[in-house]
Each structure stands twice: as C-alpha cells, then as structure tokens.
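User: Could you take me through one part of this structure at close range? I would like to see how neighbouring strands, a connecting loop and a pocket fit into one picture.

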Amino acid sequence: MTTANDLERSSWCALGPGVMGEILKYFRDAVFAIWNTCKPWRSTVSNFRYPPCDPCYPYLLSLKDQTCMFVHPFYGHTFCLEFPELLNTHIRFSKFGWLLLSRTCYSHFFFNPFTRHKIEIPDNFMPKIDSCQFTKMCFSSPPTNSDDCYIVGISSLNLFLFVPGQSWTVYFFGWPAYWESNLYPQELKDHGLASHSHPVIHKNKCYILGLNGHLVVFDFKRRKFSLIWRPFLQKKVDSVYRSFLVINDEKLLGIFEFDRRNKILIRELNISTKRSTKWQKVSGIDNKLVYVSYGSSFVQSAPTGVEGGKVYFPQVLEDKCIFYSLTSRKYQSSSNSYSSKIPVDVEELTNCTWIESLPFKEN
C-alpha cells in the first residue's frame, strides 16, 4: 500500500504527460523554470499540448507541412505541435496571437495556435486574376472583432483593402471606379509598391515602406493616400538586403539590413505630428527589443534585467534565436555562445513569423 511518505518522496516528473499537461495549465508562468530543472522535467514540458504562455517574449513560429515549431528567443526552448488544418498553407501575417494564412493565392483564413480557433475568410473577397496575388499582407485587429478588422494586401502591382461588415468590400488599386481620382500618386508609378516589409496599420492609417525608404500612407476613413515621405536611401537602395517597418510609441522605425549583412541602419519618423516629414537618424533603441520577420514585426520593452538594443531576425542556430546587438554591432545568442559580425552558419527560417505568446485557452 502506498503511504503519504511514499508520495512525498516520489518525483513529479514520474507523472504521465497527460496529467502534467493538465497541471501545467494552471502554472503557465512557471513552465520555463520547470524546463530548466532537469532533463525528465524538460521532457514532460515538451509534451505540453499547447505552447506555454510567456508574456515577456513572443515566439518565433515556423510552419513546415503541418508542424509548427515554436522557438523561445531568450530561453532557447523549442516546442513542436501538429496542426493538420495548416497543411500546405503559407503564413502571411501574425498579430494579437492570430495567424493569417493562405492555402492558395486566393484562399485565406485566420488561425490561433494558442486556442486552435479557425476563422474562414470568404473565397470571393478578392478578384481572381494574376495581378492580385499577394506578396505582403496585414490586418488591423483580432478577427473576432469582425467590424474593425481591416485586411490590407500588396501584390507586385496593386494594393488591396478588405473591409468586413455585412459584406466584404474590395478596393482595387488599379481600378479608378473604386478610388478617388487623385489616389494614384506619381511617386508610386515611379517606385512601385515593392517592399520586403509587410504593411503596418496604426490608428486608421496604413503605412507601406518602399525599398529605398519612401513611405506611402493610406487613410482608411478618407479612402485616399494622404502623404508620401521622401526616400532617404537613393544611393544605397541597391545594397539593401531587406527592410522592415515597425511602430514604436507614435513613431515609425525603418530597419534596413545591407547585402554584406554587417550593418544595420535604423531611421525614425514621428507620425504624431503632420510637420514631421523627414526620417531621423537613430543611434540606439534603449531598453527595447525589436522582432522582425516577413510575417510580423514589432517592438517590445525588454524584461527587467535583460539588456535592450537588440534586433531579432527569423534566424536560429541549434534551436537558439540569433539577434543583432546595436551595442556590440554583432550577431549574438542569449547564451553568449555565438558572436559574429555577420551571421555565419545561421539558419534563416522560412514560412515563419513572430507571434505574441498568449495565455492557454481550451476550446
């Protein structure tokens, strides 16, 4: 017969994965401390059915076939979960813990990997022509707030705005019937909408960063382009490897990585005043951490005790995220086991995004 003393001496890690999974649902904030305890406990946490919540950090999420790999940027822990409903899909954007994915060029849906909640988007919400195939997308609010969730898509030639309501309305950039006559600026004819970065939506406006630093601003309420800021990389545009746009306290940050990948350039634009029409040099980002990817980019305050001034790209080395330090001007890992002026031997993840870590919620 098992006594109380026997139970006290028995290890928690001897519990089955199902039992531990149910217990861990009530101790989500302690999951990473449990992970660092010992290998048996680490194995138990790895079998958790949902990625554990960490309000201080997002995950780098990579999708291959139907397997989602979640990589923690600080602890270096990796969780792999199977989502059959995501087979043969491509990640377009992520925000508020939701993914916006496409099955084909014209079929899209929302999915929340923390709740396994799926929301379909009507198949007829965009014209089925070749020029409508999206290269970048974003949305303004959680899809559960359907009346406020605007979806913006950029193709190689056009910009699309999808406004949900009683029906989905499509605004096609090339069709004058859907636009006011002054909505096709000459600057767009000259430069196009080509960009590495997804659009950014902030306070009823959409910001689109061009390859050479020019910025297109679309006003949702007025349905027109309100302002275009001048480019600042005319002489350097051919050397830009990739660029990203993020919102940081009423300011836009343009982040540019150059071909040799040994230099990161950051520019700042104050959008809280109409008088500011020039990008300003930025030497550092103080206590902030910047997460950039083709699927989602944003800024967060560094947790207490963690040094800021880092830019996290979608790249890993042995399941550890690699960041660029604006202080050392090097690519590094949180464990200090890696340091290089250029990202040598680092894997660049594809079909991936940064996704905010939200609390577990059972269906």
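**Two sheets, a loop and a pocket**

Analyst: Happy to. An open sheet made of 4 strands, paired antiparallel, runs in the order E3-E2-E1-E27. Its edges are strand E3 (78–82) and strand E27 (352–356), each of which pairs on one side only. From one strand to the next, the twist averages 25°. Please keep in mind that this is a predicted model.

Inside that sheet, strand E1 (residues 58–64) and strand E2 (residues 67–71) run antiparallel and are joined by 5 bridges. Within this pair, Leu-63 stands opposite Cys-68 in E2.

Now for the loop. Asn-351 sits between strand E26 (347–348) and E27. Is Asn-351 buried or exposed? With a relative accessible area of 16%, Asn-351 is buried, because the cut-off for that term is under 20%. Beyond its neighbours within four places in sequence, Asn-351 is in contact with Leu-61, Ser-62, Leu-63, Thr-89, His-90 and Ile-91. Leu-63 is thus a contact of Asn-351 as well as the residue opposite Cys-68. There is a polar approach here too: a polar atom of the Asn-351 side chain lies 2.8 Å from the backbone nitrogen of Ile-91.

His-90 and Ile-91 lead us to a second sheet, since strand E4 covers residues 90–95. This open sheet has 4 strands in the order E4-E5-E6-E7, again with antiparallel pairing. E4 and strand E7 (117–120) stand at its edges with a single partner strand each, so one side of each has no neighbour in the sheet. The twist here averages 25° from one strand to the next.

Let us follow the strands in turn. E4 and E5 run antiparallel and are joined by 5 bridges. His-90, one of the contacts of Asn-351, stands opposite Ser-102 in E5, while Lys-95 stands opposite Trp-98 in E5. The hairpin of E4 and E5 has 2 residues between the strands, and Phe-96 takes a positive phi near 60° there.

How much of strand E5 is buried? Of the 7 residues in E5 (residues 98–104), 5 are buried, so the strand is largely enclosed by the rest of the structure. On to the next partner: E5 pairs with strand E6 (residues 107–112) in the antiparallel sense over 5 bridges. Thr-104 has Ser-107 in E6 as its bridge partner, and the hairpin formed by E5 and E6 has 2 residues between the strands.

Lys-95 and Phe-96 also bring us to the largest pocket. Its space comes to about 530 Å³. The lining counts 27 residues, and those nearest the centre are Lys-95, Phe-96, Ser-140, Ile-201 and His-202. The elements giving two or more residues to this lining are strand E4 (90–95), strand E8 (134–139), strand E12 (200–202), strand E16 (240–247) and strand E21 (298–301).

One more residue rounds off the tour. Val-200 lies in strand E12, and its relative accessible area of 7% makes it buried. Leaving out residues up to four places away in sequence, Val-200 touches Cys-138, Lys-205, Cys-206, Tyr-207, Leu-245 and Ile-247. Val-200 and Met-137 are 63 residues apart in sequence, yet their C-alpha atoms are 9.2 Å apart in space.

Notes:
Residues are numbered from 1 along each chain as its sequence is written. This is a predicted model: local features need pLDDT of at least 70, side-chain atom pairs count only at pLDDT 80 or more; totals for chains, interfaces and linings use all residues. Side-chain values use heavy atoms; hydrogens and water are left out. Two strands pair if DSSP finds at least two bridges between them. Axes are lines fitted to C-alpha atoms, for helices over the stretch in contact, and angles run from 0 to 180 degrees between N-to-C directions. Buried means under 20% relative accessible area, exposed over 50%, partly exposed in between (1.4 Å probe, protein chains only). A polar contact is a pair of N or O atoms within 3.5 Å; within protein, one must be able to donate a hydrogen and the other to accept it, and residues adjacent in sequence count only if both atoms are side-chain atoms. Contact means heavy atoms within 4.5 Å. On a 1 Å grid over the protein atoms alone, a cavity is a set of points where a 1.4 Å probe fits but cannot get out, and a pocket is an open set with protein on both sides within 12 Å along at least five of seven lines; lining residues have an atom within 4 Å of a point. Grid points are joined across faces, edges and corners, and a volume is the space filled by probe spheres set on the points.
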